[in-house]
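Reader: I'd like to learn how to read a protein model. Could you walk me through this one?

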Amino acid sequence: MQGPRQPVWNFISYLAQTKAIMHKLDVISVLSTVDEMLEYWHLIEYLGYPANIEEYKTLLTEMVKRGYTQIVYEEEGEALGLAGFWVNTKLFSGKYIDVDNVIVNPSKRSKGIGSVLMNWIEKHAKDIDAKMIVLDAFVGSTQAHKFYFKENYIVKGFHFAKDI
């Protein structure tokens, strides 16, 4: 004797959810040139810095020379999130990825886009045999702190800075 049959719509719903998750993974593009990155200036503007696209281009030109890369999340042709990162090596960690600026369009936050970006970075870190992912979040960015804690990041130290 079999138990009660599951309604067909539960299975269809499951497939739709699985397809949506798979679709999200398919819409990440890797940006490795300054020109590619400049196309997504509208997302960078949500940071409030740099001051303008010309300054952004100048900074990117130097950053890309040093291995800076970005990924962008697009849904139905619209760019909704972006993250930058570097691959580096330090004595305390070995090879690692340093995440630089995870940005999600404010009207699309809390919809999983940041998690998709961070999951892609984590998979990439594993693919290149990195031992750690690190990132900085400004002290007052409590929304970012909450997000990174949810993503299982921990506070391991302080990042000190001195303007010169």
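Reader: Where is proline 50 found?

Author: In this predicted model, proline 50 sits in the loop between α3 and α4. The peptide bond that leads into it, from tyrosine 49, is cis, with omega near -10 degrees.

Reader: The loop leads into α4. What happens at the start of α4?

Author: Asparagine 52 points a side-chain oxygen at the backbone nitrogen of glutamate 54, reaching to within 3.1 Å of that atom.

Reader: How many residues does α4 have, and what distance does it reach?

Author: Helix α4 has 13 residues and reaches 18 Å from its first C-alpha to its last, close to the 18 Å expected at 1.5 Å a residue.

Reader: And how should I read the sides of a helix?

Author: Start with the general idea: an α-helix has 3.6 residues a turn, so residues three or four places apart point the same way. Now for the case here. Tyr56, Leu60 and Met63 are buried in α4. Looking down the axis of α4, you find its buried residues within an arc of 65 degrees, so they line one face of the helix. On the other side of α4, Glu54, Thr58 and Lys65 are exposed.

Reader: What covers the buried residues of α4?

Author: The cover includes two helices, α2 (34-38) and α3 (41-44), along with the strands β2, β3 and β4.

Reader: What follows α4?

Author: Glycine 67 does, and its phi is positive, near 95 degrees.

Reader: Where else can I look for a positive phi?

Author: Try just after α5, where aspartate 129 has a positive phi of about 65 degrees. Glutamate 76 has one too, of about 50 degrees, although it is not a glycine. You will find glutamate 76 in the loop between β2 and β3. Asparagine 101, also not a glycine, has a positive phi of about 70 degrees, and its place is in strand β4.

Reader: Why does glutamate 76 count as exposed, and why does asparagine 101 count as partly exposed?

Author: The idea is to compare relative accessibility with a cut-off: under 20% is buried, over 50% is exposed, and in between is partly exposed. Glutamate 76 counts as exposed because its relative accessibility is 80%. Asparagine 101 counts as partly exposed because its value is 25%.

Reader: Is serine 93 buried or exposed?

Author: Serine 93 is buried, because its relative accessible area is 9%. This serine lies in the loop between β3 (78-90) and β4 (94-104). Leaving aside residues up to four places away in sequence, serine 93 touches Lys131 and Met132.

Reader: Let's turn to aromatic rings. How many aromatic pairs are there?

Author: Two rings make a pair when their centres lie within 6.5 Å. By that rule the count comes to 6 aromatic pairs. One of them joins tyrosine 68 and tryptophan 86 in a tilted arrangement, 5.1 Å centre to centre with 55 degrees between the planes. This pair links distant parts of the chain, 18 residues apart: tyrosine 68 is in the loop between α4 (53-65) and β2 (69-75), and tryptophan 86 is in strand β3. Both tyrosine 68 and tryptophan 86 are buried.

Reader: Which residue forms an aromatic pair with phenylalanine 85?

Author: Tryptophan 120 does, in a pair that is tilted, with 6.0 Å from centre to centre and 45 degrees between the planes. Here, too, distant parts of the chain are linked: phenylalanine 85 belongs to strand β3 and tryptophan 120 to helix α5 (residues 113-127), 35 residues apart. Phenylalanine 85 counts as buried because its relative accessibility is 3%. Elsewhere, ring pairs link Phe147, Tyr148 and Tyr153 into a cluster.

Reader: Which residues of α5 are buried?

Author: They are Ile113, Gly114, Ser115, Val116, Leu117, Met118, Ile121 and Ala125. Helix α5 has 15 residues and reaches 21 Å from its first C-alpha to its last, close to the 21 Å expected at 1.5 Å a residue.

Reader: Now the whole chain. How many helices and strands does the protein chain have?

Author: There are 6 helices and 5 strands, and from the N terminus on they run α-β-α-α-α-β-β-β-α-β-α. Of the 164 residues, 30% count as buried. The chain exposes about 11,700 Å², with carbon and sulfur atoms supplying 57% of it.

Definitions and conventions: Residues numbered from 1 in each chain as written. Heavy atoms only, no water. Helix = DSSP H or I, 4+ residues; strand = E, 2+ residues; numbered from the N terminus. Buried < 20%, exposed > 50% of the residue type's maximum accessible area, 1.4 Å probe, protein only. Areas by Shrake-Rupley, 256 points an atom, 1.4 Å probe, with all protein chains shown as cover. Contact = heavy atoms within 4.5 Å. Phe/Tyr/Trp six-rings, centres within 6.5 Å; stacked < 30°, edge-to-face > 60°. Expected span 1.5 Å × (residues − 1). Arc of directions from axis to C-beta. Polar contact = N/O pair within 3.5 Å; in protein donor to acceptor, adjacent residues only side chain to side chain.
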